[in-house]
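Student: Could you take me through the helices of this model, one contact at a time? I would like the cut-offs spelled out as we go.

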Amino acid sequence: MRIGELAALTGASTRALRNYEREGLIASERAANGYRVYDARAAVRVRNIRHLLEAGLTLADVRCFGPCLDGDMATAPPSPAGLRIARERLAAIDERIAAQLEARDRLARALEAVPAASA
């Protein structure tokens, strides 16, 4: 199938598909006219990639799942490695949220210190 067909089938944009290919997550062959051609298994991989990205993982995280991308990741039990990666990503997100909350609180305190006439 061509890239537009794969995009329509999976809900991914053609730009995202080209990015997944650049990252080595999916592969295509080139037709005589230069168009990318994907086999039917690419749809499963793309759905799994999107599932992991929507869960909050990064493309770097997704690369660690390699061969697992060809199965039914949405219903399969998670692997120990997958759980470790997800927990590490969650911790990183929590750290970013905490840093943003601290910045918000500092800004709120600074605004509270401004006299009412200046506001």
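Tutor: Happy to; here is a walk along the helices, followed by a look at the cysteines.

First, the ground rules: this is a predicted model, in which local features need pLDDT of at least 70 and side-chain atom pairs count only at pLDDT 80 or more, while totals for chains, interfaces and linings use all residues. Residues are numbered from 1 along each chain as its sequence is written, and side-chain values use heavy atoms, with hydrogens and water left out.

Let's begin with α1 and α2. Helices here are DSSP runs (H or I, at least four residues), numbered from the N terminus. Helix α1 covers residues 3-10 and helix α2 covers residues 14-22; their axes are 9 Å apart and meet at an angle of about 105°. Those axes are lines fitted to C-alpha atoms over the stretch in contact, and the angle, on a scale from 0 to 180 degrees, is taken between N-to-C directions. The pair is therefore roughly perpendicular, a label for angles of 65 to 115 degrees. In contact terms (heavy atoms within 4.5 Å), I3, G4, L6 and A7 of α1 meet T14, L17 and R18 of α2. By class, that contact has 4 nonpolar, 2 polar and 1 charged residues; Ala, Val, Leu, Ile, Met, Phe, Trp, Tyr, Cys and Pro count as nonpolar, Asp, Glu, Lys and Arg as charged, and the others, Gly among them, as polar.

L9 is also part of α1. L9 has 46% relative accessibility, so it counts as partly exposed; buried means under 20% relative accessible area, exposed over 50%, and partly exposed in between (1.4 Å probe, protein chains only). Leaving out residues up to four places away in sequence, L9 touches M1, A43 and R47.

A43 brings us to α3, where it is one of the buried residues, together with A42, R45, V46, N48, I49 and L52. Their cover includes α1, α2 and α4. Helix α3 runs over residues 41-54, and at 1.5 Å a residue its 14 residues should span 20 Å, which agrees with the 20 Å between its end C-alpha atoms. The expected span is 1.5 Å times one less than the number of residues. Just after α3, G56 has a positive phi of about 110°.

Next comes α4, residues 59-63, which holds D61. D61 counts as buried because its relative accessibility is 9%. Setting aside residues up to four places away in sequence, D61 touches I85 and R89.

Both of those partners are buried residues of α5, as is G82, and the buried residues of α5 pack against α4. Helix α5 covers residues 80-112; its 33 residues should span 48 Å, and the end C-alpha atoms are 47 Å apart, which agrees. I97 also lies in α5, and its relative accessible area of 45% makes it partly exposed. The C-alpha atoms of I97 and G71 are separated by 33 Å, with their positions 26 residues apart along the chain.

Finally, the cysteines. With a disulfide taken as a pair of cysteine sulfur atoms within 2.5 Å, the count comes to 0. C64 is in no disulfide, and the nearest cysteine sulfur, in C68, is 11 Å away. That 11 Å separation is too far for a bond. C64 counts as exposed at 56% relative accessibility, whereas C68 is partly exposed at 41%.

Conventions. Helix = DSSP H or I, 4+ residues; strand = E, 2+ residues; numbered from the N terminus. Parallel < 35°, antiparallel > 145°, perpendicular 65-115°, else oblique.
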